[in-house]
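Hi there,

Here is the structure I promised to pass on. Have a look at it first, and then read on for what turned up.

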Amino acid sequence: MDCVMKVMLLLCTLQLLNCKDSGSSSAEQRCFCQVTGHIDDCVCDVESIDAFNNMQLFPKLQRLLESDYFRFYKVNLNKPCPFWADDRHCGSKYCAVKPCKPNEVPDGIKSNSYKYSEEANNALQECEKAEKLGAVDSSLSEETRQALLEWNRHDDEEDRFCVVDDEGSPNSQYVDLLLNPERYTGYKGPEAWQIWNSIYEENCFKPYSVKRPLNPTRAYRENDGKTFYRWLEGLCVEKRAFFRLVSGLHASINIHLSARYLLDDNWFEQKWGHNVTEFQQRFDAELTRGEGPKRLRNLYFLYLIELRALSKVLPFFEQPSFQLYTGQPDQDGRTKDLLVELLHVAKSFPLHFDETSLFTGNKQEAAKLKEDFKLTFRNISKIMDCVGCFKCRLWGKLQTQGLGTALKILFSERQIEALPKSKSSLPSFQLTRQEIVALFNAFGRISTSIRELANFRGLLSKVR
């Protein structure tokens with residue numbers, strides 16, 4: 001462990017001791033005193049993640065996400081909600097998403113959004129030309145030709161943990177994520193509650209008889225929390241992990257809404273910044289009846305899951321044939337170098353989550369549980385099309401696809417290990433450009449949330 005991480009860990013330890021020894025209860029303590037130490041179902045601790053993320057990973061990740069390859073995301077924001085009537089009327093102007101004009105997206109991304117290796121690009125272009133002319137390329141075997149054409153789909157639906165948009169749909173548009181940041185839009189109340197209530201109540205393996213604490217759609221009862229956490233701890237580790245992933249994602253989104261809040265809006269400027277009161281309402285132990293700190297701890301669990309996926313997928317991106325193609329060769333080469341460097345940093349983390357602890361035991365039961373896990377998460381990805389705020393829908397779809405891609409990676413270890421060394425062979429594991437962009441931007445949101453917690457600690461230390 002380097003000196004910087006040692007200093008960070010020492011500061012965190014001193015902060016914890018101060019928290020335990022203090023007789024008073026400050027705003028900072030109410031939010032963070034329980035957000036420390038060992039993370040359940042892991043060998044890691046909060047302090048190690050803070051030091052690693054804030055000092056080593058976060059700066060490199062932000063540079064990567066500013067590159068052309070990662071800033072443009074194609075999304076269909078006009079898909080109908082499959083579960084309930086949806087009027088799609090957002091009352092705030094800040095809910096709007098500004099799509100890209102055709103000349104704003106690099107040509108390489110527009111023409112090759114589903115391709116990523118030099119060999120596949122060249123071979124597919126020849127196949128496409130042949131198809132348009134009604135010709136048959138006699139130099140390719142039928143098996144090879146069909147395999148190449150399958151690159152457009154990239155992988156079977158059964159490998160995916162989320163439902164993805166059809167990039168060929170006329171309703172799918174490129175969005176510049178840097179110009180449409182995730183931040184507070186004013187989207188709240190019953191419509192927003194309906195989204196999260198559907199996720200938690202119907203898609204987290206929870207029976208209706210167990211009541212979730214602080215459910216805004218029902219009156220609070222004193223025993224709700226005890227009953228809920230007794231039920232949660234009695235679950236198998238896989239279902240418990242599923243709930244904690246969803247809770248961690250929810251916490252991360254709330255952190256961003258509090259960190260990029262509209263503080264002032266007048267005729268000459270808009271001022272966005274940290275809203276400490278908003279953060280307290282979402283995470284203060286007293287204001288949330290003890291729920292806020294639990295949600296923040298789940299954020300760290302989510303971080304470990306996505307970090308582990310990045311460390312596992314390194315061999316895929318290290319393939320000589322892999323390229324981050326935008327049509328700008330020099331920039332593309334620098335972006336790939338930065339990506340591989342970032343993944344090596346992720347791999348160096350000493351306290352990774354052990355995914356082999358999941359879906360073990362009886363093979364038939366484990367397979368059934370894994371399929372239930374996958375189908376339930378796919379359902380959550382569909383719910384994102386019911387979000388009434390377009391900007392919230394954009395970031396909800398991206399982050400669920402990113403987490404779904406991370407899960408796909410974690411449970412494709414054998415396919416990744418079997419990746420061919422030869423440039424001429426088709427890979428046993430594949431990711432679309434959309435999956436790649438979603439994976440890193442979703443982790444960028446989680447990494448930023450961890451970094452923002454340090455900012456809120458400082459701001460709350462000045463509040464009683």
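Which residues are exposed on the other side of helix 9? They are K226, R230 and E233. Before I go further, this is a predicted model, in which local features need pLDDT of at least 70 and side-chain atom pairs count only at pLDDT 80 or more, while totals for chains, interfaces and linings use all residues. Residues are numbered from 1 along each chain as its sequence is written, and side-chain values use heavy atoms, with hydrogens and water left out.

**Overall**

The protein has 18 helices and four strands; these are DSSP runs numbered from the N terminus, with helices being H or I of at least four residues and strands E of at least two. Of its 464 residues, 56% count as buried. Here buried means under 20% relative accessible area, exposed means over 50%, and partly exposed is in between, with a 1.4 Å probe and protein chains only. Among contacts (heavy atoms within 4.5 Å) between residues at least 6 apart in sequence, 79% join residues at least 24 apart.

**Helix 9 and helix 11**

Back to helix 9, which covers residues 224-233. Its buried residues are D224, G225, F228, Y229, W231 and L232. Seen down the helix axis, they fall within an arc of 155°, so they line one face of helix 9; the arc is that of the directions from the axis to the C-beta atoms. Helix 10 (237-259) and helix 12 (291-312) are among what covers them. As for the exposed side, K226 has a relative accessibility of 59%. Its C-alpha lies 9.9 Å from that of R212, and the two residues are 14 apart in sequence.

Helix 11 is another case: six of its eight residues are buried, so this helix is largely enclosed by the rest of the structure. The buried ones are V276, E278, F279, Q280, R282 and F283. Their cover includes helix 2 (27-32), helix 10, strand 3 (261-265), helix 12 and helix 18.

**The largest pocket**

The largest pocket has a volume of about 1000 Å³. For the method, a pocket is an open set of points on a 1 Å grid over the protein atoms alone where a 1.4 Å probe fits, with protein on both sides within 12 Å along at least five of seven lines; lining residues have an atom within 4 Å of a point. The volume is the space filled by probe spheres set on the points, which are joined across faces, edges and corners.

The lining of this pocket has 40 residues, and W193, W196, H250, N254 and R282 lie nearest the centre. Two or more lining residues come from each of helix 8 (190-202), helix 10, helix 11 (276-283), helix 15 (363-383) and helix 16 (390-410). R282 thus appears both in the pocket lining and in the buried set of helix 11. By type, the lining divides into 21 nonpolar, 11 polar and eight charged residues. In that split, Ala, Val, Leu, Ile, Met, Phe, Trp, Tyr, Cys and Pro count as nonpolar, Asp, Glu, Lys and Arg as charged, and the others, Gly among them, as polar.

**Nonpolar cores**

A nonpolar core is a set of buried Ala, Val, Leu, Ile, Met, Phe, Trp, Tyr and Cys residues joined through side-chain atoms within 4.5 Å. The largest has 118 residues, of which F279, F317 and F440 touch the most other members. Helix 18 (residues 433-460) gives the most to this core, with 12 residues. Leaving out residues up to four places away in sequence, F317 touches F322, K336, L339, V340, L343, L431, I436 and F440. A second, separate core has five residues, including F72, C100, I109 and Y174.

F70, in helix 4 (residues 68-71), is buried at 0% relative accessibility. Its contacts beyond four places in sequence include L64, L339, I436 and F440. F70 and R433 are 363 residues apart along the chain, yet their C-alpha atoms are separated by 9.2 Å.

**Two backbone details**

Most residues other than glycine have a negative phi. D41 has a positive phi of about 65°; this residue is in the loop between helix 2 and helix 3 (46-65) and is partly exposed, with a relative accessible area of 33%. R289 also has a positive phi, of about 55°, and lies in the loop between helix 11 and helix 12.

Enjoy looking through it!

Best wishes
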